[in-house]
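The following exercises concern a structure made up of protein chains. Each task is followed by a solution that proceeds step by step.

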Amino acid sequence: MAVWVEKADCAGCESCVEACPLGAIHMSDGIAVIDDKCNSCGACVESCSTGAIKSDAAAAKADTSQYEDVWVVAETRHRKVRPCTLELLGAGRGLATALDQRLCALLAGKNLKGIAGEMAEGGADIVYVLEDAGLEEGRTLAYTRAIADAIREKKPAVVLLSATPFGRELAPRISRRLGVGLTADCTELGVDAATKNLLQTRPAWGGNLMATIYSPDSRPQMSTVRPGVMKALPREPGRKADVVHVKVGLRPEDARLQVLELKKELRKKVDLTEAKIIVSGGNGVGSKEGFHLLEELAGLLGAEVGGTRIAVEEGWITQDRQVGQTGQSVCPDLYIACGISGAIQHRSGMAGAKTIVAINSDPNAPIFQIADIAINADMFKVLPELINCLRPGNDREAGE
Amino acid sequence: MDIIVLVKQVPNTAEVKIDQKTGTLMREGVESIINPDDLHALEAGLRLREAHGGTVTAVSMGPPQAMDALREALGIGADECVLLTDRAFAGADTLATSYTLGRCIRKLGRFELVIAGHQAIDGDTAQIGPQVAEYLDVPQVIRATKLEVKGGELHAERTHEDGVEAVKCPLPALVTVTKEANKARYPHIPRLMAAFDASAPIKVWGPKDIGADEKLIGLKGSPTQVQKTFTPKFEKKTEKLAGPPAEVARTLVDRLKQRRLL
């Protein structure tokens, strides 16, 4: 650890000279100089009004060599391991191999009998079991206590959670309690061959930019991982793991949040996520009347109508039909984008569609980059013809 | 009741475009807005104030221009604001940001509720809410769609994969809300004008004002670092259809039939 003066920022006020209990600072040419009597106590850092005195106490680097093993925090539902957890074990196996460390599953909850075996068959070498009656579903505070305590005790190098609603509410709490880094919603994980740091890649800006993030000095390295991206390992029936029970020390304050009732899903008025075909419109549709054309086409295709944020804000369609980052994320077999430029927020909600047809009069519309079939034309000329082709009785083959 | 609302100024991502040639984001000239979820957080705070009395304080960390977001918050109805701005705050990841916001809330003193948007549209991490709650050692309700305070307790509904879950916890607490929580109001124009006045109740605080440890803020206090950014490759073979509209329509129907989509 060291304390130093950034000369450019020093105002020459001498307050640090007075503040130093060791008399280790003197002025030279109007700038503070710290000599070797300094024991890095930091008193001068506090006293400096211009922030010119820096200290690397900051970095409080973890001794990374003390941290070993790759942990997967399991999620269960109805007493079954969730598929996203098995995917994490698949991803974790690759990391554990690259690090030459063990792959461990952490199973927390109440009444966990029989579940550890499933984790072993999914690839875990060790299953840590944290069982306590207070670990009720949805009690984030209790899970934070149990898991953070276990991490402090066992010192894993890597801790992975699924980027499910629960994982994304639990992981930040644990990371804050431990004071370590956390990367959200990763879609790719790897190990830097030279440094052995975990490389965590996540989409930003609606998936149009990818960022690779690492935590060189903090351990454990924590990530939440997007479900459905990683591959689970083939299940190995009969595979065994060491099952280790870890003491859970919940406190009364961990029960502050109470789950009163789980209401059954109130089905959304329009669920675009289940639609096989979506006919979607954007700014180019221009009006509510313009959407009538899309509705007509959708009716012929048995499709749902969707739209961009602009279409919603303009009142052309209702909010429950919005596709994109602030609307629904959809993955239909066919997505017909009419008058949609393809702003990244919209694309993030529909880029997963299996076939994308884009109709737009702007040849440079970004939507064309991800389209399977690109029609650079006026949608008001193409759609009526398309409707014409699809109208019962107007089928070309039937008519010819 | 005293309510603190966390507000982030973000680029209006709807306007961010990608440079077709370089594949990089073009952020120049893009307007800055209050993060959409945060408008619903502010609305939730204002409604609770209207029901129970008290104050709503909006807090934002960001560059000096984030002042505009706080002026808007005043225009919408916040009682006062704190802008946390200083070079030393720059480059913060969520851990350093949650420390900074947490320190500020401690400095403000008494609070019953902290309300934040579920996630910001530029980062999408949704980590700040839970991390601030942990820093303050209060319970959290994440993704709330409904909240009310009765008998000194917070009653809320949060979205869950299986449906909607009703929860309760004692105050103080932290809640993050999604856009389903309410319909956010627009700024009140005279209030908005007044927010541009030098006497507008916006405090500008730096690290010393919140008693922050310099090594826990900004880039220094951020354990995570960005190693690289890159644009994903789209491996789509695009077929272009051109010609008279009737012909294009017929070809399209054929192609969709070939793909067994019709």
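**Exercise 1. The open sheet of chain A**

Task: In what order do the strands of the open sheet of seven strands in chain A lie?

Solution. The model is a predicted one.
Step 1. The order is E11-E15-E10-E5-E8-E9-E16, and the pairing is parallel.
Step 2. The edges are formed by strand E11 (182-186) and strand E16 (242-245) of chain A; each has a single partner strand, so one side of each lacks a neighbour in the sheet.
Step 3. From one strand to the next, the twist averages 25°.
Step 4. Within the sheet, strand E5 (residues 70-73) and strand E8 (residues 103-109) of chain A run parallel and are joined by four bridges. Val72(A) stands opposite Ala105(A) of E8(A).
Step 5. Helix H5 (residues 140-154) of chain A packs on this sheet, where E5, E8, strand E9 (126-131) and strand E10 (158-162) of chain A are touched by the helix. The direction of the helix makes about 150° with that of E8(A).

**Exercise 2. The nonpolar cores**

Task: State how many residues the largest nonpolar core has, and examine the surroundings of Leu106(A).

Solution.
Step 1. The largest core has 132 residues. Among those with the most contacts inside this core are Leu106(A), Leu107(A) and Val5(B).
Step 2. Apart from neighbours within four places in sequence, Leu106(A) is in contact with residues including Trp71(A), Val72(A), Val73(A), Tyr128(A) and Ile147(A).
Step 3. A second, separate core has 51 residues, including Leu272(A), Ile277(A), Leu301(A) and Met379(A).
Step 4. For context, nonpolar side chains tend to be buried together in soluble globular proteins.

**Exercise 3. The contact between the chains**

Task: Determine which element of chain B gives the most residues to the side that touches chain A.

Solution.
Step 1. The contact involves 71 residues of chain B and 78 residues of chain A.
Step 2. Elements that each supply at least two residues of the chain B side include helix H3 (94-108), strand E14 (225-230) and helix H6 (245-258) of chain B. H6(B) gives the most, with nine residues.
Step 3. By type, the chain B side divides into 34 nonpolar, 17 polar and 20 charged residues.
Step 4. Strand E14 (residues 209-214) of chain A pairs with E14(B) in the antiparallel sense over five bridges. Met210(A) has Phe230(B) as its bridge partner in E14(B).

**Exercise 4. The domains of chain A**

Task: Into which domains is chain A divided?

Solution.
Step 1. The division is into domain 1 (3-59), domain 2 (64-255) and domain 3 (272-399).
Step 2. Between domain 1 and domain 2 of chain A, the C-alpha centres lie 43 Å apart.

Methods: Residues numbered from 1 in each chain as written. Chains lettered and ligands numbered in written order. Predicted model: local features only at pLDDT ≥ 70, side-chain atom pairs only at ≥ 80, totals over all residues. Contact = placed C-beta atoms within 7 Å. Nonpolar A, V, L, I, M, F, W, Y, C, P; charged D, E, K, R; others polar. Pairing = 2+ DSSP bridges. Core = buried A, V, L, I, M, F, W, Y, C linked by C-beta atoms within 7 Å. Buried ≥ 20, exposed ≤ 12 C-beta atoms within 10 Å, placed from the backbone. Domains from an automatic or database assignment. Axes fitted to C-alpha atoms, helices over the stretch in contact; angles between N-to-C directions.
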